[in-house]
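User: I am new to this structure. Please take a close look at its aromatic rings, then move on to a pocket.

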Amino acid sequence: MNRTTLSLIVGTTALAAVTGFAALTAPAASGGDTEKAAARLPVERTSLLCPAPSISDLAETSYTSFTPVSQGAGASGTAELRSATEESGDGGTTSEDKKTDKATDKKTDEKAADKTGDKADKTAAGKADKPVLETKEPGKPATGDSSGAEAPALIGTAEGKFAPGWTVQETTEVAAGTGRGLLGTNCTAPDTEFWFPGAGTTADRTDYVHLTNPDDSTAVVDIELYGKDGALKSSVADGITVQPHSSEPILLSTLTDEQQTNVTVHVSVRSGRVAAAVQALDDKLGGDWLAASTDPSGSLVLPGIPKDATSVRLVAFARGDDDADLKVRLATPSGLITPAGNETVHVKSGMTTAVDLGALTRGEAGSLVLTPTEKAVPVVAAVRVVRGKGDKQETAFIPATGPVAARATVADNSAKGSTLALAAPDGTAKVKITASAGSEGGTAATKTYTIKGGTTQNVELPVPGGLKGTYALTVEPLSGGPVYASRMLAATEGGVPGFTVQTLPDDRGTVEVPQAEQDLSVLQK
């Protein structure tokens with residue numbers, strides 16, 4: 001085997017390990033000239049991991065699983081979510097082994113009791129063997145629910161026709177207490193590195209980083225915290241071990257004695273892979289899930305800041321040895337504007353920088369656009385958004401996200417309370433939006449939109465005909481510049497404007513695979 005063939009196979013194997021497995025066959029080329037180009041084929045297997053939803057006994061959680069219909073995806077397959085086990089393999093670094101002065105003490109004691117004895121082990125194993133939620137057919141959402149503080153993390157696998165574009169939404173309502181309000185997250189694929197700007201370790205915050213290991217071998221994870229003056233001194237000397245098929249919630253305030261309002265969390269995996277998400281809970285401002293920022297980049301887009309936001313805080317971190325100077329602009333329905341008094345932001349290397357932007361959007365849809373003033377320096381960023389006033393405020397987070405390259409989907413939408421924001425900061429774009437059939441009935445609907453360059457639009461959503469239940473929204477750019485998207489769910493309870501925002505990065509439903517004919521021709525040389 002020569003080096004050309006080896007590089008093709010190694011490249012395909014590495015890509016498949018991250019995004020799923022694609023069939024190694026492709027349609028035969030037409031005509032006598034066979035172009036030696038890679039083909040894009042649907043992935044054949046993918047994994048998604050959902051964190052344990054809440055520490056509150058009042059929590060009510062719904063799960064929505066959905067796969068869009070994909071051409072060439074095959075005729076069979078499965079998509080299942082199963083409970084993660086609750087085994088801890090770390091010698092005293094997880095939240096379950098530490099006492100806190102918050103309501104987590106009771107939860108910790110109950111979990112410890114549950115883990116003792118053969119009977120409890122067998123019960124947990126039985127639960128893990130039975131799927132919690134199964135998707136029956138592409139194009140139609142499947143839903144499930146759980147309640148209370150003991151709902152486990154979920155490990156999901158989709159194969160065959162269910163793998164391309166598979167998405168799972170976890171949405172939780174908490175009526176009272178720390179972190180009350182509406183919390184939501186897209187269940188995430190396992191990886192080896194995550195950045196979370198926007199966490200906190202102050203006394204009024206109860207922030208956890210959830211680590212879930214989907215594999216048969218243990219994962220070893222390092223967590224670094226960065227505040228306004230740099231790295232925070234950690235009380236954990238060695239890496240955190242996450243046992244196979246298990247999940248660990250790590251209380252951030254147990255990792256350091258320093259109390260800081262704005263913290264960047266860096267999760268790096270030295271062995272194995274995990275999914276990571278931060279649950280940020282505030283005693284007064286509610287809470288939400290903080291998803292990972294897109295990979296460090298010199299330019300970033302944070303789409304879909306609510307038009308009625310009463311407070312917006314930008315939190316950024318510059319990775320590497322150089323400081324970052326960023327131009328701050330807001331993409332509004334009428335074009336790009338510069339916030340008065342916040343034209344630029346200076347982010348020192350290795351330090352977390354926070355800038356309060358106030359009521360930034362002032363009644364209009366908006367997306368934050370960050371670009372370098374001169375030299376591009378890799379940066380991660382997120383915004384903390386507050387809606388409401390006084391004692392009726394709620395918080396959500398919007399991390400920087402990548403554009404929708406081919407397709408992105410978000411589930412758990414209803415006839416009321418869903419807002420889809422589309423931003424095209426670099427040029428006019430044409431976008432197709434498909435609303436799926438409802439989880440309990442209805443027919444899909446599609447609309448096409450044109451988003452002018454430099455703007456953000458809260459688009460009027462297509463609604464499935466005869467809708468019953470919830471539905472999924474799929475975004476597909478058709479032409480023009482890059483498109484960035486987010487979806488907000490909103491529900492007012494007791495005068496508190498509960499909301500949660502999920503970004504829509506590309507679903508990576510296809511993988512690039514070398515043409516079979518090309519491989520064979522190289523092998524024959």
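Analyst: Start with one aromatic cluster, formed by W195, Y226 and F317. Keep in mind that the model is predicted.

Across the whole structure, a search turns up three aromatic pairs. One of them joins Y226 and F317. Their ring centres lie 4.7 Å apart, with 45 degrees between the planes. That makes the pair tilted, because only planes under 30 degrees apart count as stacked and only those over 60 as edge-to-face.

Where do Y226 and F317 sit in the chain? Y226 belongs to strand β12 (residues 219-227). F317 belongs to strand β20 (residues 311-318). The two are 91 residues apart, so the pair links distant parts of the chain.

Are these two residues buried or exposed? Y226 has 14% relative accessibility, so Y226 counts as buried. F317 has 3%, so F317 counts as buried too. The cut-off for buried is under 20%.

Another ring has a charged partner. R387 lies over the face of F499, 5.0 Å from the ring centre.

Now the pocket. The second largest pocket has a volume of about 680 Å³. It is lined by 32 residues, and those closest to its centre are P68, S70, R407, E476 and D507. Several elements give two or more residues to this lining: α1 (3-19), β1 (38-42), β30 (429-435), β35 (471-480) and β38 (510-514). By class, the lining of the second largest pocket holds 13 nonpolar, ten polar and nine charged residues.

Methods
Residues are numbered from 1 along each chain as its sequence is written. This is a predicted model: local features need pLDDT of at least 70, side-chain atom pairs count only at pLDDT 80 or more; totals for chains, interfaces and linings use all residues. Side-chain values use heavy atoms; hydrogens and water are left out. On a 1 Å grid over the protein atoms alone, a cavity is a set of points where a 1.4 Å probe fits but cannot get out, and a pocket is an open set with protein on both sides within 12 Å along at least five of seven lines; lining residues have an atom within 4 Å of a point. Grid points are joined across faces, edges and corners, and a volume is the space filled by probe spheres set on the points. Helices (H or I, at least four residues) and strands (E, at least two) are DSSP runs, numbered from the N terminus. Ala, Val, Leu, Ile, Met, Phe, Trp, Tyr, Cys and Pro count as nonpolar, Asp, Glu, Lys and Arg as charged, and the others, Gly among them, as polar. Rings of Phe, Tyr and Trp (its six-membered ring) pair if their centres lie within 6.5 Å; planes under 30 degrees apart count as stacked, over 60 as edge-to-face and the rest as tilted. Buried means under 20% relative accessible area, exposed over 50%, partly exposed in between (1.4 Å probe, protein chains only). A charge sits over a ring if NZ of Lys or CZ of Arg is within 6 Å of the ring centre and within 35 degrees of the ring normal.
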